[in-house]
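Hello,

Here is the structure I promised to pass on. Have a look at it first, and my notes follow below.

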Amino acid sequence: MRIPAFLSFLFAIAIICSCGLLKSGSTDSSYWAGQYEAFIHQDTLFYSLEMKVTADAQVKIAAYDWRFRKLEEYSTLASIDPKGNLQISWGNSLFQIDSALHNTANRHWPDFYWNDVKSHYEINQRQWDLNLMEGFHDVLSGKEPITLLTQGDSLFGGFASCNSYGGELILKEPNQMKFAQIHSTLLYCESIELEDLFFEKLKEVRSYKMVDAEHLQLKNEYGVSILFFKRHSWLR
C-alpha cells in the first residue's frame, strides 16, 4: 500500500524535528541528573553556585561568596521546555540552561556557563577538604575540616583546624605547584599540633595530581603524595 504524499511529508518533518530536539537536549528530566558548579564575576563581586538535579527534576542550589562562605540554599522543582532546556526559578530569577550548559543572561544574572562536576578537572576556584596527611592518621577528628581554597592562579587560603591562613599560590605547567609566603592568625587550640604539621607539609608541596574531578593529591619534590583532599560540596 502506498503512503499518501501528504503523510510522507508530515513524517519527514517529524523526523527532522526530533533530530533537532536530540541535538539541543532532552525533555526527559533524567538527562539533567547530576551536580553542577558555576563561578560568576558580576561587577566587583565574585559568586560561586552549586546545583544538584535529581532524575525527577528536584533541584537544590547553594550560593556562596568568594571567601567560600555560604550565602543561601534553595530547593525547587525544575521544568524542561520543548527544546530540552532546563528552566529553574529562583526567587525573581530564571535560570535557563541549554545542553551546552550555557545559562542565558537575565536582569539578575550575567551570561555564564555551568560545569559538570564529574567531568570538570580544575583545581582553581574550589574549596578542598583534607582527608589524609602523611605522618598524621586522624585529620578528621577536629570539629571543623582543614580546608584549602584556591582562588585564581595566584592566591590560596583556608582554615587549618584552629587558624585561618593564606599566601601566594604558584602554578606552572605541567602540574607544578608551590605555596609561598604562608601566613596565619595566631590563636592557640588543642589541634595546634595538627595545624603545624599541615603548614610544614604545604611548604613541601611541589606538584599536584587530580585523581578525578573530586579528589586532589599534593606531592613533594620526590613525587610522594603527602596531602589528600576531596572537593567540598554544600549539597552532599
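I'll start with a loop residue: Leu101 counts as buried, at 15% relative accessibility (buried means under 20% relative accessible area, exposed over 50%, partly exposed in between, with a 1.4 Å probe and protein chains only). Leu101 sits in the loop between β7 (93-97) and β8 (102-103), and its phi is near 65°, a positive value in a residue other than glycine. Helices (H or I, at least four residues) and strands (E, at least two) are DSSP runs, numbered from the N terminus.

Before you read on, please note that this is a predicted model, where local features need pLDDT of at least 70, side-chain atom pairs count only at pLDDT 80 or more, and totals for chains, interfaces and linings use all residues. Residues are numbered from 1 along each chain as its sequence is written, and side-chain values use heavy atoms, with hydrogens and water left out.

Gln181 also has a positive phi, near 50°, in a residue other than glycine. Gln181 is in strand β15 and is exposed, with a relative accessible area of 61%. You will find a cis peptide bond from Glu173 to Pro174, with omega near -5°; Pro174 lies in the loop between β14 and β15.

Now the rings. The structure holds eleven aromatic pairs (rings of Phe, Tyr and Trp, the last by its six-membered ring, with centres within 6.5 Å; planes under 30 degrees apart count as stacked, over 60 as edge-to-face and the rest as tilted). One of them is the stacked pair Tyr74 and Trp90, 6.1 Å centre to centre with 25° between the planes. Tyr74 lies in strand β4 (residues 70-77) and Trp90 in strand β6 (residues 86-90), so the pair ties together parts that are 16 residues apart in sequence. Trp90 is buried at 8%, whereas Tyr74 is partly exposed at 25%. Ring pairs link both residues with Phe95, Phe112 and Trp114 into a cluster.

Finally, the interior. The largest nonpolar core (buried Ala, Val, Leu, Ile, Met, Phe, Trp, Tyr and Cys residues joined through side-chain atoms within 4.5 Å) has 24 residues, of which Phe179, Phe198, Leu202, Leu218, Leu227 and Phe229 touch the most other members. Helix α2 (192-204) is among the elements that each supply at least two residues, and α2 gives the most, with four. Another core, of 21 residues, lies apart from it and includes Ile40, Leu49, Val59 and Ile97.

Best wishes
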